[in-house]
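This report describes the pockets of one protein model and the surroundings of its ligand.

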Amino acid sequence: MDGLTVKYNELSAEEFITLWQTVWGQGPSLEQTRLAMEHTLFRVSVFHGDKIVAMARMHGDMGLDYYIKDVIVRLEYQGKGIGRMMINELLKFINDNGISGTNIFVELCAKPDKISFYEKFGFDMNDAQRLKMMLQVK
Ligand SMILES: CC(C)(COP(=O)(O)OP(=O)(O)OC[C@H]1O[C@@H](n2cnc3c(N)ncnc32)[C@H](O)[C@@H]1OP(=O)(O)O)[C@@H](O)C(=O)NCCC(=O)NCCS
């Protein structure tokens, strides 16, 4: 799509919360999100002019494992190839930084109606179940 700018490792906490809230309602706190952005390994954000329209981010150890998080394209920009471009940027980062000839485990969690989007890149399901908790920091 014309007129889009892709940025790397610039996604701010404010931008993250703005996009998060377009999909999942009330977002996390600014303080918590600032810390999270600071410690995210790789962030991709997409702008149309000054407006953030999409983001994706990834945790990882560079050698063995990565975890893709918070892939969001603003509703009115969906279906234009932006989601595909961002996933390809994340996979390129892994390829560019991994040890040649090795295999690297890439994981994510997807809602059932988004699974076929990720299958296009080669993701598939295994037998492991996702376990989760929300730990309240004392
Ligand atoms: C899922 C999401 C990131 C896809 O982004 P997008 O920019 O609309 O996707 P693209 O236009 O790049 O689509 C790439 C391909 O995936 C397909 N696709 C997109 N969304 C899909 C879906 N929900 N299910 C199946 N296929 C999908 C497109 O048809 C396209 O296929 P093609 O290349 O064969 O034509 C976007 O819909 C979104 O942000 N949704 C809301 C937030 C969300 O749920 N995020 C994922 C959390 S798991």
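## Lining of the largest pocket

Six elements each supply at least two residues to the lining of the largest pocket: helix H1 (13–24), helix H2 (30–39), strand E3 (51–60), strand E4, helix H3 and helix H4. Of these, E4 gives the most, with 7 residues. The model is a predicted one.

In total, 42 residues line the largest pocket, and those nearest its centre are Trp20, Trp24, Lys69, Asp70 and Val71. The space in this pocket comes to about 1700 Å³. Sorted by class, its lining holds 24 nonpolar, 8 polar and 10 charged residues.

## The ligand and its shell

The largest pocket is where the ligand sits. Strand E4 (65–73), helix H3 (82–97) and helix H4 (115–119) are the elements that give two or more residues to the shell around the ligand. E4, H3 and H4 also each supply at least two residues to the lining of the pocket itself.

The ligand is surrounded by 20 residues, and the closest are Val71, Val73, Gly81, Gly83 and Arg84. The shell divides by class into 9 nonpolar, 5 polar and 6 charged residues.

## Polar contacts and cover

Backbone atoms of Val71, Gly81 and Asp113 lie close to polar atoms of the ligand. At Val71, a polar backbone atom is 2.7 Å from a nitrogen atom of the ligand. Val71 is also among the residues nearest the centre of the largest pocket. At Gly81, a backbone N or O atom lies 2.8 Å from an oxygen atom of the ligand. At Asp113, a polar backbone atom is 3.0 Å from a nitrogen atom of the ligand.

On its own, the ligand has 910 Å² of accessible area, and the protein covers 73% of this.

## The second largest pocket

The second largest pocket has a volume of about 720 Å³. Its lining is made up of 21 residues, with Glu107, Leu108, Cys109, Asp124 and Asn126 nearest its centre. By class, these lining residues divide into 12 nonpolar, 4 polar and 5 charged.

Which elements each supply at least two residues of the lining of the second largest pocket? They are E4, strand E5 (105–107) and H4. E4 and H4 are also among the elements that each supply at least two residues to the lining of the largest pocket.

Technical notes. Residues are numbered from 1 along each chain as its sequence is written. This is a predicted model: local features need pLDDT of at least 70, side-chain atom pairs count only at pLDDT 80 or more; totals for chains, interfaces and linings use all residues. Side-chain values use heavy atoms; hydrogens and water are left out. A residue is near a molecule or strand if one of its heavy atoms lies within 4 Å of it. A polar contact is a pair of N or O atoms within 3.5 Å; within protein, one must be able to donate a hydrogen and the other to accept it, and residues adjacent in sequence count only if both atoms are side-chain atoms. Accessible areas come from the Shrake-Rupley method with a 1.4 Å probe; for residues, only the protein chains shown count as cover. On a 1 Å grid over the protein atoms alone, a cavity is a set of points where a 1.4 Å probe fits but cannot get out, and a pocket is an open set with protein on both sides within 12 Å along at least five of seven lines; lining residues have an atom within 4 Å of a point. A molecule sits in a cavity or pocket if more than half of its atoms lie within 2 Å of its grid points. Helices (H or I, at least four residues) and strands (E, at least two) are DSSP runs, numbered from the N terminus. Ala, Val, Leu, Ile, Met, Phe, Trp, Tyr, Cys and Pro count as nonpolar, Asp, Glu, Lys and Arg as charged, and the others, Gly among them, as polar. Grid points are joined across faces, edges and corners, and a volume is the space filled by probe spheres set on the points.
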